[in-house]
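The following report describes aromatic contacts, buried segments and internal spaces of one protein, for a reader who wants to follow them residue by residue.

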Amino acid sequence: MKNIILLTGLIILGSCNENNPNIESNISETLNTDFTKYVNPFIGTSKMGHVFPGATAPFGMVQLSPQTNFEVMFKEDGGYNSKTYEYCAGYQYQDSTIIGFSHTNLSGTGHSDLGDFLIMPTTGDLILDPLKTERGEKGFYSKYSHATEKASPGYYKVDLESYNIKAELTASERVGFHQYTFPKSDDAHIILDMVYNIYHHENKNVWTFIRVENDSLVTGYRQTKGWARDKKVFFAMKFSKAFKSYGHKKYEKVKYDGFYRNFNQQENFPEMAGKDIRVYFNFDTQENEKINIKFALSSVSSAGALKNLEAEVSHWSFDKTREETKAKWNKELSKIEVSSLNDSDKINFYTAMYHTNLSPILYEDVDGQYRGLDQNIHQSDQFTNYSVFSLWDTYRALHPLFNITQPHRNNDMIKSMLAHHDESVHNMLPIWSHYANENWCMIGYHATSVIADAMVKNVGDFDKERALEASVNTANVRYFDGLGDYIDYKYVPDDKSHSSVSKTLEYSYNDWCITQMAEEVGRTHTQDEFEKRAEYYKNVYDSKIGFMRPKLTDGTFRENFDPMDTHGQGFIEGNAWNYGLYVPQNIDEMISLMGGKEKFSNHLDSLFTIDIEEKYIAKHEDITRDGIIGNYVHGNEPGHHIPYLYNWTGHPEKTQERVRMIMKTMYAPTVDGLCGNDDAGQMSAWYIFSSLGFYPVTPGSPYYALGSPLVVKATLHLDNGNKLIIKAKNQSEENVYVQSVIINGVKHTGTLLSHQDIMRGGEIVFEMGNQPN
């Protein structure tokens, strides 16, 4: 990583609750520690990280964050605008402009949506175009400097230099709280931009409806068709000061408006409706006068948004909400206390903790109502509903981490997935879902992994029979992404489906997860059926070349095949060198297939040392040099388990040195300190596990692979009331090799750690040295 200079101007704030009360006394001793000072929300805001620096509560529905540019998804000729990819979170650190502050943002994704309800304060002539007016003049954006920009959990601040306005943001779970300090002006404005979207295209906005209820309250909603093809978000917007006048401008041609044509709707008309609308509110301000805005969201209705506003932020004290959210963040961050070799490692660790607590997001109103996948309004019953399930990424380490740090939330997330299944016309668990929509992104049915992992670790009180039934239903939807062919051929034929090898490998793993569930509930016939399917990965292994390889419907392997190429070779976002090592359910058998332990160990050595040529990665947005070591791709998820595979070859020392090297080179406390998309917390979850000295190579198994801890000491305050202390004796930059592991006074043998070893608490001591043992 470049720029190993720590960022200045961040640190201070916040976490989310609804946890087991057992943990209250367990962490009471830590409550005087401000863990938020070790969080740097700017880490990963440059280049590929795709994270946002704005204000949010843990797992909050609101992510109130600056937007620095407005890139549309398609060029004028209809081609894809690759610049859009840089703005998956609406913000890029290298920009010098801000166009406003939106209330919904995804964290770390490689495709995007949201950016709802952009607010921008301005002074002077009223301008309603963000970048450039129709006459080619400056839009309403403002210049800003990182010297005045500060961010910490639950708080963001920046000076809008073009208007001499100080902007401050904080948030509760469902309410964004703005505070703008204005200069003296007779022409102060607050713009509500309902045109702006992340990944915007000309047909994305379906409909916008706004009511000016009185001189300080505005309600409404917007419906969009983007990654979520039918997304509705409702709002209630309350000002601390009455506006003197208001109006709006439509940006579409209105062919028919009924008898609304009888009114001058553009100025001071309390009802606005259309496809693309920008609204303005005018004020007179005194020098240093503050105008505050409380902006509540709901998936249900504007009435629901008003309920959320009154329940969460009934007052006008910005600092009160800021401090409350800071306390929530401290509660979450304090679940793992770490001592590190240096401040950089500590900042990396707690920023990773922060990023893992951003999503999935709370997706119901304070009364438990939420919009379901069927677009009907549902009432949560004995669970809290969540959304934003980036499951192809997060099943690997984020949800396993939740089984340690957030078991009650993970239980609710599984119940949310089961509700999704019940609301689905396909009778399927979520694949990649957000905002009451299935977006069908990526491959596999990895909700099965999340459920199986919780089952075998005895997490949650969800209905296991119902969960198994939902998983079996999902695994038998024949029209889903080559699944029918997978069932018929016992692999996914490459001449019938793209990414055929990746699908075969991931479906096989998912089917193994279903066998784990079936065993848990004693359904032997289901277990037998899916045990057979879990072996289908063998059908795409070509022993003649030693790689997983695309196979055709006639049973022959595809001729034109390059195991180094990441494009068009049967793998999604990866190549055969990386993705072909994905058999987490039966690693020993995979190693045997590939020639045995020594040959496999040598293969891993080559993976880390043979440089991949640029031509092999040029066609992928998600694979860049920043995240590559040799031919190993850490910047994308399919290879995250690979450094730990040495453990199965009799060379755990190679796992230890690789893991420590990755933590040092792929993560840094800088704006470009993430080597790839954080992918809704998965990249950060890998770092947390690896820093503690173990990793869930096989979610759905109650075991973790041991690595080499980076911490000097870690104390895990567990929800069951227990406390686990992890110590690394003789820890140093050079002492990366584990000499011994002692668990509660007993010397540990082997390279696996059980979930039970963690949850019963006590002490795990790693003795470190500078030579392999």
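Two arginine side chains sit over aromatic rings in this predicted model: Arg-261 lies over the face of Phe-259, at 4.5 Å from the ring centre, and Arg-278 takes up such a position over the face of Tyr-251, at 4.6 Å from the ring centre.

Aromatic rings also pair with one another, and the count comes to 50 aromatic pairs. One of them joins Phe-177 and Trp-316 in an edge-to-face arrangement, with 6.3 Å from centre to centre and 75 degrees between the planes. Because Phe-177 lies in strand S10 (residues 175-182) while Trp-316 lies in the loop between helix H2 (302-312) and helix H3 (318-333), this pair ties together parts that are 139 residues apart in sequence. The two partners can also be described by their accessibility: Phe-177 is buried, with a relative accessible area of 0%, whereas Trp-316 is partly exposed, with a relative accessible area of 33%.

A further pair is made by Phe-608 and Tyr-646, whose ring centres are 6.5 Å apart and whose planes meet at 25 degrees, so the pair is stacked. Phe-608 belongs to helix H15 (residues 597-609) and Tyr-646 to the loop between strand S30 (632-633) and helix H16 (652-665), so the pair ties together parts that are 38 residues apart in sequence. Both Phe-608 and Tyr-646 are buried.

Aromatic residues are also found grouped together, since one aromatic cluster is formed by Tyr-644, Tyr-667, Trp-686, Tyr-687, Phe-689, Phe-694, Tyr-695 and Tyr-704. Tyr-695 appears again among the residues that line the second largest cavity.

How many of the residues of helix H6 (residues 398-405) are buried? Eight of the eight are, so helix H6 is largely enclosed by the rest of the structure. The buried residues of H6 are Leu-398, His-399, Pro-400, Leu-401, Phe-402, Asn-403, Ile-404 and Thr-405.

Ile-451, in helix H8 (residues 447-456), is likewise buried, with a relative accessible area of 0%. Leaving aside its neighbours within four places in sequence, Ile-451 is in contact with Ile-414, Leu-418, Leu-429, Phe-462, Ala-467, Ser-471 and Met-517. Between Ile-451 and Met-413, which are 38 residues apart in sequence, the distance from C-alpha to C-alpha is 9.7 Å.

Lys-83, by contrast, is partly exposed, with a relative accessible area of 34%, and is found in the loop between strand S2 (63-67) and strand S3 (97-98). Lys-83 and Val-72 are eleven residues apart in sequence and 8.5 Å apart in space, C-alpha to C-alpha.

Turning to empty space, a search of the whole structure finds eight cavities of 30 Å³ or more. The table gives volumes for two cavities and for the largest pocket.

| Space | Volume |
|---|---|
| Largest cavity | about 150 Å³ |
| Second largest cavity | about 90 Å³ |
| Largest pocket | about 320 Å³ |

The largest cavity is lined by 20 residues, of which Asn-385, Tyr-386, Ser-387, His-420 and Ala-436 lie nearest its centre. At least two residues of this lining come from each of strand S21 (369-371), strand S23 (386-387), helix H7 (407-423) and strand S25 (432-434), and H7 gives the most, with five residues. By class, the lining of the largest cavity has ten nonpolar, eight polar and two charged residues.

The second largest cavity is lined by Tyr-395, Arg-396, Tyr-582, Pro-584, Glu-637, Pro-638, His-640, His-641, Tyr-695, Pro-696, Val-697 and Pro-699, and these residues divide into eight nonpolar, two polar and two charged.

The largest pocket has a volume of about 320 Å³, and of the 19 residues that line the pocket, the closest to its centre are Arg-229, Leu-373, His-426, Glu-438 and Trp-440. Helix H7 and strand S26 (437-438) each supply at least two residues of the lining of the largest pocket, and the classes in that lining are seven nonpolar, seven polar and five charged residues.

Key: Residues numbered from 1 in each chain as written. Predicted model: local features only at pLDDT ≥ 70, side-chain atom pairs only at ≥ 80, totals over all residues. Heavy atoms only, no water. Phe/Tyr/Trp six-rings, centres within 6.5 Å; stacked < 30°, edge-to-face > 60°. Helix = DSSP H or I, 4+ residues; strand = E, 2+ residues; numbered from the N terminus. Buried < 20%, exposed > 50% of the residue type's maximum accessible area, 1.4 Å probe, protein only. Lys NZ or Arg CZ within 6 Å of the ring centre and 35° of its normal. Contact = heavy atoms within 4.5 Å. 1 Å grid on protein atoms, 1.4 Å probe; cavity = no way out; pocket = protein on both sides within 12 Å on 5 of 7 lines; lining within 4 Å. Points joined across faces, edges and corners; volume = space filled by probe spheres on them. Nonpolar A, V, L, I, M, F, W, Y, C, P; charged D, E, K, R; others polar.
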